[in-house]
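Hi everyone, thanks for coming. I'd like to walk you through one structure today, so please have the sequence and the model open in front of you.

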Amino acid sequence: MNSKHHYISISQRKTIFSNKTLSSAAAIWFVTAVLGQWIFAFYVAAFYGGAAINGDFMKWNRVLPHGYIEGDTIGNMAVAIHLLFAIIIMIGGPLQFIPQIRNRFPAFHRWNGKLYLVTAFIASFSGIYMVLTKGTITGITGDISVSFNGLLIMLFALLAWRMAVVRKFKAHERWVLRLFLVVNGVWFFRIGLMLSFLLNGGPFGFDPETFRGPFITFLGIGQYMIPLLILELYFFTKDRTSNFGKLTMATALFVMTIFMGLGVFAATTGMWLPRL
Ligand code: HEM
């Protein structure tokens with residue numbers, strides 16, 4: 001064999017290094033996000049599930065002002081389905097992205113994927129139904145921004161499904177990543193809110209009495225717009241920038257991961273654990 005074939009030039013080495021750094025930064029972001037989402041899922045199962053098992057549905061209302069309403073069977077069912085599906089989505093979704101599982105158990109990937117798309121769709125549908133019938137505590141702006149989040153989830157779920165059916169796997173992968181981020185919009189809202197408490201030493205940019213204010217409006221839209229914009233930037237960097245661009249993106253992702261981790265810590269210790 002000609003030794004020329006084994007020679008890796010310095011510029012190739014740099015390319016390999018920057019690609020690896022970027023994918024490692026993305027992997028560290030992903031693992032942190034998944035751990036944070038599983039803590040949220042655990043809280044939902046323990047708090048709402050625990051109360052339901054004990055038949056103490058009134059306990060739901062300690063967190064959700066209109067969670068359980070005596071006699072409102074359809075409304076209560078919508079909330080129950082919403083919460084149950086939220087758990088399924090948050091636990092099962094991330095498994096789809098793990099290549100070892102995908103490659104070794106393709107049938108699991110297909111079934112869990114279908115389950116994810118259907119549950120995400122119905123969780124959003126029930127969410128929009130809850131908004132329309134009961135409203136959110138953030139008022140009309142929050143109602144609109146979270147309903148738009150629900151529409152995006154349904155749209156992206158359809159597109160992700162379509163791309164898998166027509167076997168356009170690169171497009172499928174991109175749509176499921178977008179879907180994964182918008183599905184976690186309500187989680188981003190919570191960690192963003194609790195991060196602001198942590199950094200500010202108390203409520204920031206809103207009136208705690210009414211739960212309204214510019215920062216709440218910003219978070220309501222930012223919960224899906226910011227992650228989506230960053231993801232598009234990531235795709236762009238991955239596909240068509242220089243090594244410098246990739247290393248800059250990796251550094252930015254790393255810094256964002258630290259803040260996200262702080263937000264998870266703040267939400268876990270300040271909101272979820274105290275309720276259990
Ligand atoms: C698909 C991803 C979603 C997940 C994982 C999810 C999860 C949850 C969880 C865990 C709660 C309980 C709140 C808590 O204890 O902190 C909740 C409540 C709620 N969610 Fe969602 N949600 C999702 C999407 C949506 C969407 C898209 C909407 C609106 C269009 C929505 C509307 C609501 C409403 C209105 C409540 C409060 C119910 C009440 O007070 O009666 N959710 N959601």
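Let me start with a small puzzle: does Glu 232 count as buried or partly exposed? Before I answer, please keep in mind that this is a predicted model.

Right, the answer: Glu 232 comes out at 34% relative accessibility, and that counts as partly exposed. Its salt-bridge partner is Arg 178, with N and O 2.6 Å apart. That pair connects distant parts of the chain, since Glu 232 sits in helix α8, residues 214–240, while Arg 178 belongs to helix α6, and 54 residues separate the two. Arg 178 has a relative accessibility of 13%, so Arg 178 counts as buried.

How many salt bridges does the structure hold? There are 3. Another one joins Asp 239 to Arg 174, and here the closest N and O atoms are 3.0 Å apart. Again we go from helix α8, where Asp 239 is, to helix α6, where Arg 174 is, across 65 residues. Arg 174 counts as buried because its relative accessibility is 16%.

Asp 239 also meets the side chain of Lys 170, at 4.0 Å from N to O. Lys 170 is in helix α6, residues 169–183, and lies 69 residues from Asp 239 along the chain. Lys 170 is exposed, because its relative accessible area is 54%, whereas Asp 239 is partly exposed, with 41%. Put together, Lys 170, Arg 174 and Asp 239 make up a network of salt bridges.

Now, over to the ligand. Which protein residue is the donor to its iron atom? That is His 82, the single donor from the protein, through NE2 at 2.0 Å. You'll find His 82 in helix α2, which covers residues 73–92. A polar side-chain atom of His 82 is also 2.9 Å from a ligand nitrogen.

Other residues make polar contacts here too. Arg 190 places a polar side-chain atom 3.0 Å from an oxygen of the ligand. From His 66, a polar backbone atom is 3.4 Å from a ligand oxygen. As for the elements that give two or more residues to the shell around the ligand, these are α1 (10–53), α2, α4 (106–134), α5 (139–165) and α7. Among those helices, α4 gives the most, with 5 residues. In total, 25 residues surround the ligand, and the closest are Tyr 43, Tyr 48, His 82, Val 183 and Arg 190.

Last stop: the surface. Which residues form the nonpolar patch there? They are Ile 28, Leu 198, Leu 199, Phe 254, Val 255, Ile 258, Phe 259, Leu 262 and Phe 265, with about 820 Å² of accessible area together. Helices α7 (185–200) and α9 (243–275) each supply at least two of the patch residues. The most come from α9, which gives 6. One to click on is Ile 258, found in α9. With a relative accessible area of 48%, Ile 258 is partly exposed.

If you want a place to begin in the viewer, try His 82 and the iron, then move to the network of Lys 170, Arg 174 and Asp 239. Thanks, and I'm happy to go back to any of these views.

How values were computed
Residues numbered from 1 in each chain as written. Predicted model: local features only at pLDDT ≥ 70, side-chain atom pairs only at ≥ 80, totals over all residues. Heavy atoms only, no water. Donors = N, O, S within 2.8 Å, 3.2 Å for Na, K, Ca; no water. Helix = DSSP H or I, 4+ residues; strand = E, 2+ residues; numbered from the N terminus. Patch = residues over 30% accessible without salt bridge, like charges linked within 9 Å, V, L, I, M, F, W, Y side chains within 5 Å. Areas by Shrake-Rupley, 256 points an atom, 1.4 Å probe, with all protein chains shown as cover. Buried < 20%, exposed > 50% of the residue type's maximum accessible area, 1.4 Å probe, protein only. Near = heavy atom within 4 Å. Polar contact = N/O pair within 3.5 Å; in protein donor to acceptor, adjacent residues only side chain to side chain.
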